[in-house]
Every structure is written in structure tokens, then in C-alpha cells.
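I opened a fresh page to note what I looked up in this model. Feel free to follow along with the viewer open.

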Amino acid sequence: MRLALLGCGTVGQEVVRLLHEQSADLTARIGAPLEIAGIAVRRLGRDRGDLPVGDELFTTDALGLIKRDDVDVVVEVVGGIEPARGWLVEALRAGKSVVTANKALLAEDGVALHEAAAEGGGDLYYEASVAGAIPLLRPLRESLHGDRINRVTGIVNGTTNFILSAMDATGAGFAEALEEATALGYAEADPTADVEGFDAAAKAAILASLAFHTRVGAADVHREGITEVTAADMASAQAMGCTIKLLCIAARGVDSTGRETVSVRVHPAMIPRSHPLASVGDAFNAVFVEADAAGQLMFYGRGAGGAPTASAVLGDVVAVSRNRLAGVRAASESSYAGLSVRPMGEALTRYHVSLDVADRPGVLASVAGVFARHDVSIATVRQGSAGGSPGRDGAELVIVTHVAPDAALAATVTELRGLEIVRSVTSVLRVEGDA
């Protein structure tokens with residue numbers, strides 16, 4: 001089996017090393033030697049350490065490498081939409097098998113890749129695109145194929161999980177925790193994709209597509225990041241016996257006409273410390289799956305990094321190589337359900353709302369009236385001193401609702417902001433689980 005490697009950064013270099021170190025075992029598992037036909041890079045001559053390959057394997061002509069007749073498998077670890085999309089479509093249409101870690105491309109235009117794979121007859125595997133080394137996508141695509149998955153809830157971004165875990169443990173604010181994550185190498189110089197939820201949203205789209213046999217793209221995912229989460233929010237969560245995590249949530253539901261739908265969202269949320277995801281700390285990932293027959297399952301491990309991601313890549317390489325030798329291909333995309341993705345406003349959730357209000361009679365009744373007008377039921381109310389501003393006394397109201405449509409909850413918060421007795425809405429967070 002001859003493979004073309006597109007990209008030789010952190011993950012690509014680990015792929016090369018593992019191919020070399022485990023050569024004998026991989027040959028035994030596949031039934032044929034696995035060799036690198038070439039490595040496409042942006043720049044030749046760059047220092048790549050002591051990789052066990054010769055300079056003659058490197059090229060800047062990725063498309064030329066892909067088109068070579070002696071290439072069986074194409075491994076893409078470059079990332080981004082273009083030119084990766086063009087390369088992979090070309091490879092798949094030519095009948096080559098593709099292994100990719102490119103979650104952004106799969107979420108943006110996975111349809112084009114699956115259609116090209118069907119046209120060419122090759123395999124498209126992408127275990128490394130979500131949650132690094134954690135075996136997750138293949139269980140969803142194969143092991144749970146005979147079951148009905150109802151909900152997938154996950155922590156799928158290590159950077160944000162490290163930041164929120166640090167805030168929970170030390171009482172630090174977002175900026176301080178981000179600075180620590182950057183110093184330790186958990187956050188990129190530009191952390192936008194992570195802290196604003198773009199990375200997690202791409203992964204949520206992939207998970208929902210597999211879990212619900214429905215094409216879900218990045219544009220279908222409601223996305224919010226963690227930049228507005230404060231130390232005060234974390235303290236409030238701790239007072240409730242909760243912590244805050246950036247969650248991706250994909251769930252079945254029904255719309256107002258009774259049709260089955262799915263909702264897919266990424267946002268910070270309070271979860272009770274009794275929930276299995278609450279104890280997932282540092283830069284680890286975990287995904288909690290709820291199915292009819294299998295019940296509750298959790299997949300946990302390192303969700304990023306060169307070696308963990310390369311492990312998932314090589315697992316896919318072994319699978320597609322064995323398929324090629326046997327003259328078979330894996331099951332194609334399963335999108336038969338074709339469920340519609342309902343808007344965020346129809347998703348059912350709960351809100352935790354903190355208000356800085358005037359401390360005078362009738363305030364609580366006025367606030368409760370706003371919730372009632374939007375058919376939102378209040379679960380708990382906690383009142384304390386807000387310190388007040390000069391010449392005026394103030395109070396803090398912390399309200400947790402029962403489950404309601406997100407649109408009704410958002411409309412409630414909007415009306416609260418306009419009340420004369422509400423000085424400010426200091427915090428709004430969703431609550432998941434039985435907190």
C-alpha cells in the first residue's frame with residue numbers, strides 16, 4: 001500500500017514517525033507493507049527534525065502527487081477549506097481512498113467529499129476530525145448503527161475546556177485563564193476558532209450527521225463562544241453545585257407539526273457536578289451518547305495533539321488499506337433520515353439569569369411577571385446584596401428557569417433589560433442536566 005501524505009506539520013510528522021516505528025506491526029495488520037509515496041508540503045527545506053524519510057519524498061506539487069498511479073491512499077492533515085477540498089475530490093474521484101483530519105472541510109462541504117467517494121468507489125475516513133485519539137466516529141457509524149441515538153452531548157475542544165477548568169479551579173477570569181493556556185501551548189496565538197466555538201461547531205455538525213443519518217453542516221449549528229464567561233458566572237455555578245463547560249449538543253426532537261427534527265448547538269452551559277462530563281478537566285475531550293438500546297455511553301480521552309491525532313489517522317489508514325486489499329469499500333454516507341434542523345429558538349433548554357435590581361418592594365413580583373408573560377416557569381430564585389450604586393441600594397436576583405423554548409427564554413431576558421427596576425442583566429447562561 002502506497003500513501004501520499006498532504007501536510008507535514010505537527011500531526012503529519014507524528015504520522016511519519018509512527019509509520020516508521022510500527023512498520024512491522026502495520027504490515028502484519030494490513031497484510032501488505034505500507035510505504036510513503038510522497039509528502040506534499042508548502043515549503044521545501046524547512047527543518048522538520050529527524051524524520052526517518054529522505055528529502056526526495058518531499059514535494060510542493062500536491063495535486064501531482066495525488067494523481068500518481070502508484071498512490072493508493074491519500075492522507076490529508078493540512079486543514080482549511082481550499083485547496084484541500086480540490087485535492088480530496090480529485091483523489092476520491094480517481095478511486096483512491098482518503099483519510100482526513102479536516103473537520104472544517106467536512107462540516108463545510110462534506111457532501112462533495114461523500115459524493116466524490118461514491119463516484120470513484122474509494123473510502124472516505126475521518127476519525128481524527130473529532131476528538132483526536134478517542135474512538136468515536138466509527139462507533140457512531142458502525143457499532144451503534146443498529147440502535148437509535150437520541151442525544152449527543154460533548155466537550156470537543158481542549159483549549160476551551162482547559163480555560164474553563166482553570167477558571168473553575170482557581171477563580172481566575174477568562175483573560176487570565178487564556179493567558180495561561182497560551183503559555184502552556186494549549187491555545188494558538190489567535191485562539192478565535194477555539195474560544196468563539198467555531199472548532200466545536202464543525203465537530204458538532206460531523207457528530208450530528210453520523211448520529212442522526214442526516215446531512216448537517218456548520219451553518220446549521222447555533223454557535224456561542226466562552227469569551228463572555230466570567231469568574232462571577234463560575235462562582236454562581238459553584239454555588240448551585242455546577243460547573244461551566246463549552247458543550248456541543250445534538251438532539252432529536254419534534255416540531256410544532258409533530259415532525260421529527262434535530263437541533264445542533266454549541267454554547268457554554270452550567271452542568272451539575274454529578275454529570276459525567278463535569279469531571280472532564282484540563283485539555284481532555286469527552287462525548288456522552290444516549291441511545292435507545294445501548295443506554296448511556298461516554299467516550300473520553302485526549303482530543304488533540306500530534307501523537308493522539310496521528311493515532312486516529314493511522315487507525316483509518318489500516319482500515320482503508322485492508323479494504324483495498326480485500327477489494328471492498330466501507331459503507332457510504334448514511335443520510336437516509338433527512339431530518340430538518342430546527343432553529344435554536346425551538347430548542348428546549350433552561351436559563352440561569354443574574355439581575356442587578358433596585359431593592360424595593362414589588363421588584364420580585366414585577367420580574368416574575370415578565371417570566372409569566374412569556375410562559376417561562378421559574379424553578380428557583382436566590383436574592384442577595386448587589387452592593388448598589390451611590391445613593392441607591394441594590395439587590396441581586398439569581399433565577400433558574402424550568403425547561404422552555406430558547407426563543408421564549410431569550411425574549412424574557414430582552415424584556416427584563418428594559419425594566420426600569422432592572423439596572424442590568426449581569427449574566428445569562430444556559431443550564432443542562434438536572435441542576
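**Pocket notes**

I found that helix 5 gives the most to the lining of the second largest pocket, with nine residues. This is a predicted model, where local features need pLDDT of at least 70 and side-chain atom pairs pLDDT 80 or more, while totals for chains, interfaces and linings use all residues. Residues are numbered from 1 along each chain, and side-chain values use heavy atoms, without hydrogens and water. Helices (H or I, at least four residues) and strands (E, at least two) are DSSP runs, numbered from the N terminus.

I read 33 lining residues for this pocket, with His114, Tyr126, Ser209, Leu210 and Glu333 nearest its centre. On a 1 Å grid over the protein atoms alone, a pocket is an open set of points where a 1.4 Å probe fits, with protein on both sides within 12 Å along at least five of seven lines; lining residues have an atom within 4 Å of a point.

**Helix 14 notes**

Which residues of helix 14 are buried? I listed Asp406, Ala408, Leu409, Thr412, Val413 and Leu416 (buried is under 20% relative accessible area, exposed over 50%, partly exposed in between; 1.4 Å probe, protein chains only). They fall within an arc of 165° seen down the axis, so they line one face of the helix; the arc is that of the directions from the helix axis to the C-beta atoms. On the other side of helix 14, I noted Thr414 and Arg417 as exposed.

**Contact notes**

I looked up Val74 too: leaving aside neighbours within four places in sequence, its contacts (heavy atoms within 4.5 Å) include Leu6, Ile66 and Leu88.
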